[in-house]
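Here are my notes on the structure you sent, set out as numbered points. Please read them with the sequence and the coordinates open beside you.

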Amino acid sequence: MAGARVLADGKTKFTILTTKPVDPAAPTATELNAGIDLSCDILSSDFTWGATDSDKIAEKALCDEGNANAIGASNYQAGLTLWRKFATAGGFDAAA
């Protein structure tokens, strides 16, 4: 498939930006590449970052039969485990 986008092993980049992008909704490749790339410092086994199920509220109109749910607040989930790095000489590497 030409031009297909996939979320596959080794294809996810996670960057921490040190400066705010000009357009936060659409950062440029230059802005992203200027950030800190943490892709190799995060465990994939428990990485979660994205939308999840919205809240549901048990509400229905007078004319509805049975139970009915209305969609409530949107939810987002985020979780990650970082590798702890050590300096070559031993001890924690504060620069990493």
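1. A residue is called exposed here when its relative accessible area is over 50%, buried when that value is under 20%, and partly exposed in between. By that measure Cys-63, with a relative accessible area of 68%, is exposed, and Cys-40, with a value of 71%, is exposed as well. Please keep in mind throughout that this is a predicted model.

2. On the cysteines, a bench reader may ask how many disulfides a search of the whole structure finds. The search returns zero, where a disulfide would need a pair of cysteine sulfur atoms within 2.5 Å.

3. As to the overall fold, the secondary structure of the protein consists of one helix and six strands, and along the sequence these elements follow the pattern β-α-β-β-β-β-β. Among the contacts in the protein with a separation of 6 or more, 43% are accounted for by residues 24 or more positions apart.

4. On burial and surface, 8% of the 96 residues in the protein are buried. The accessible surface of the protein comes to about 8,300 Å², and 55% of that surface belongs to carbon and sulfur atoms.

5. The structure holds three aromatic pairs. In one of these, the rings of Phe-14 and Phe-47 have centres 5.7 Å apart and planes at 90 degrees, and because planes over 60 degrees apart count as edge-to-face, the pair is placed in that class. Phe-14 lies in the segment before strand S1 (15–16), whereas Phe-47 lies in the loop between strand S2 (36–37) and S3, so the pair ties together parts of the chain that are 33 residues apart in sequence. Phe-14 counts as buried, at 14% relative accessibility, while Phe-47, at 29%, counts as partly exposed.

6. Trp-49 and Tyr-76 also form an aromatic pair, again edge-to-face, with 6.3 Å from centre to centre and 85 degrees between the planes. This pair links distant parts of the chain, since Trp-49 is in strand S3 and Tyr-76 is in strand S6 (residues 75–79), 27 residues apart. Strand S3, where Trp-49 is found, covers residues 48–52. Trp-49 is partly exposed, with a relative accessible area of 48%, and Tyr-76, at 54% relative accessibility, counts as exposed.

7. How do the aromatic residues of the two preceding points belong together? Phe-14, Phe-47, Trp-49 and Tyr-76 form one aromatic cluster.

8. Which residues make the nonpolar surface patch of about 440 Å²? Trp-49, Tyr-76, Leu-80 and Leu-82 make this patch, so that Trp-49 and Tyr-76 take part both in the patch and in the aromatic cluster, and Trp-49 does so as a partly exposed residue with a relative accessible area of 48%.

9. Finally, I would draw attention to Asp-41, which has its place in the loop between S2 and S3. Is Asp-41 buried or exposed? With a relative accessible area of 15%, Asp-41 is buried, because its value falls under the 20% limit. Leaving aside its neighbours within four places in sequence, Asp-41 is in contact with Thr-81, Leu-82, Trp-83 and Lys-85. Of these contact partners, Leu-82 is 41 residues from Asp-41 in sequence, yet the two are 5.6 Å apart in space, C-alpha to C-alpha. Leu-82 is also one of the residues that make the nonpolar surface patch.

Conventions. Residues numbered from 1 in each chain as written. Predicted model: local features only at pLDDT ≥ 70, side-chain atom pairs only at ≥ 80, totals over all residues. Heavy atoms only, no water. Helix = DSSP H or I, 4+ residues; strand = E, 2+ residues; numbered from the N terminus. Buried < 20%, exposed > 50% of the residue type's maximum accessible area, 1.4 Å probe, protein only. Contact = heavy atoms within 4.5 Å. Areas by Shrake-Rupley, 256 points an atom, 1.4 Å probe, with all protein chains shown as cover. Patch = residues over 30% accessible without salt bridge, like charges linked within 9 Å, V, L, I, M, F, W, Y side chains within 5 Å. Salt bridge = Lys/Arg side-chain N within 4 Å of Asp/Glu carboxyl O. Phe/Tyr/Trp six-rings, centres within 6.5 Å; stacked < 30°, edge-to-face > 60°.
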